[in-house]
Amino acid sequence: MVRHPLSRRRFLCNTATGTLGVLALGSLGPGALADKIPKDSALKGNIHHSVARWTFDFLSLEELCQLVRRIGFSAIDLVGPDQWHILKRHGIDSSMCNGAEPNLEDGWSDKSFHSALVDSYRRHIDLVSDAGYKNLICFSGNARGMSPEDGLANAEEGLKKILEQAEKRGVTLHMELLNSKIDHPDYLCDNSAWGIELCKRLDSPNFKLLYDIYHMQISEGDVIRTIRENHQYFGHYHTAGVPGRHELDESQELYYPAIMRAIKETGFEGYVAQEFMPDRESKEDKKRSLESAIKTCDV
């Protein structure tokens with residue numbers, strides 16, 4: 001993240017306060033906007049593609065909507081309620097909504113934040129559902145000396161206070177797996193085993209993990225086996241190159257075509273979102289990096 005002018009942490013904080021009322025367009029899902037995709041798109045349709053808003057912040061949201069439509073997909077991750085009207089104007093799905101979280105550090109594993117989190121998530125669950133969207137991100141937050149077991153118990157207790165509402169409103173909460181080695185020191189949900197155990201304890205179809213391939217390669221590796229054996233707990237995926245969180249090219253250690261084939265073979269029907277930071281000079285070259293990544297992942 002060092003070379004990037006706006007970190008994800010700052011971007012999420014800057015967009016977390018938007019609460020515009022948005023008119024629902026009906027239930028949207030990965031296939032709901034298929035008629036919006038250009039008819040001459042060369043994409044195969046086996047993977048539902050998306051892109052994280054914050055990693056392409058050198059474009060306005062209007063420009064990013066136009067870019068994804070030109071490439072041939074129709075979803076953008078990590079857009080909050082204050083900008084959903086822009087997505088709707090372009091026929092773009094909000095594939096992973098945000099804005100309920102105060103930041104990435106103060107999360108569900110710490111009881112001291114539960115009251116504020118419950119209020120915020122109850123409000124945003126309704127906003128997401130009313131807008132016709134399905135997915136809302138959440139975070140464990142930092143350990144701050146807490147044991148993994150205590151963090152699990154706290155997260156279970158807090159999330160149970162909002163899961164019934166999420167189930168009734170058709171909204172799935174996705175806790176993101178982040179590495180604590182490089183990017184998010186002290187983050188508690190930094191391995192798939194901890195997140196999977198939380199899924200088992202909550203035992204709800206409306207709670208899943210956001211399996212971030214970049215983060216989990218750094219934390220634990222063994223990406224393809226983990227996906228094959230635990231895919232039922234993964235509701236969403238993020239990509240980026242390792243090391244550096246840049247393009248999905250030959251300079252990084254992950255082979256994304258094989259990873260995407262593994263995801264496809266599980267029968268996954270959700271979104272795979274590009275969350276890499278373009279490491280190129282010109283704006284046009286950065287835009288081309290997204291097109292290249294989509295083609296790499298379009299198996």
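Which residues in H4 meet which residues in H5? In this predicted model, the H4 side of the contact is made up of His-114, Val-118, Tyr-121, Arg-122, Ile-125, Asp-126, Ser-129 and Asp-130, and these meet Asn-154, Glu-157, Gly-158, Lys-161, Ile-162, Gln-165, Ala-166 and Arg-169 in H5. Sorted by class, the contact of H4 with H5 comprises six charged, five polar and five nonpolar residues.

Two packed helices are described by the angle between their axes and the distance between the axes. For helix H4 (residues 114–130) and helix H5 (residues 148–169), the axes come within 10 Å and cross at roughly 20 degrees; because angles under 35 degrees count as roughly parallel, H4 and H5 are roughly parallel to each other. The crossing in which H4 passes H5 is right-handed.

Further along the chain, helix H8 (residues 223–230) has Val-223, Thr-226, Ile-227 and Asn-230 as buried residues. When H8 is viewed down its axis, these buried residues fall within an arc of 100 degrees, so they line one face of the helix. The buried residues of H8 pack against helix H6 (192–202), strand E6 (207–212), helix H7 (213–219), strand E7 (234–239) and helix H9 (256–265).

In H9, the buried residues are Tyr-256, Pro-257, Ile-259, Met-260, Ala-262 and Ile-263, and they pack against H7, H8 and E7, as well as against strand E8 (271–274) and helix H10 (283–297). H9 is followed by Gly-267, for which phi is positive, near 85 degrees.

Terms used. Residues numbered from 1 in each chain as written. Predicted model: local features only at pLDDT ≥ 70, side-chain atom pairs only at ≥ 80, totals over all residues. Heavy atoms only, no water. Axes fitted to C-alpha atoms, helices over the stretch in contact; angles between N-to-C directions. Helix = DSSP H or I, 4+ residues; strand = E, 2+ residues; numbered from the N terminus. Parallel < 35°, antiparallel > 145°, perpendicular 65-115°, else oblique. Left-handed = near helix turned anticlockwise from the far one by under 90°. Contact = heavy atoms within 4.5 Å. Nonpolar A, V, L, I, M, F, W, Y, C, P; charged D, E, K, R; others polar. Buried < 20%, exposed > 50% of the residue type's maximum accessible area, 1.4 Å probe, protein only. Arc of directions from axis to C-beta.
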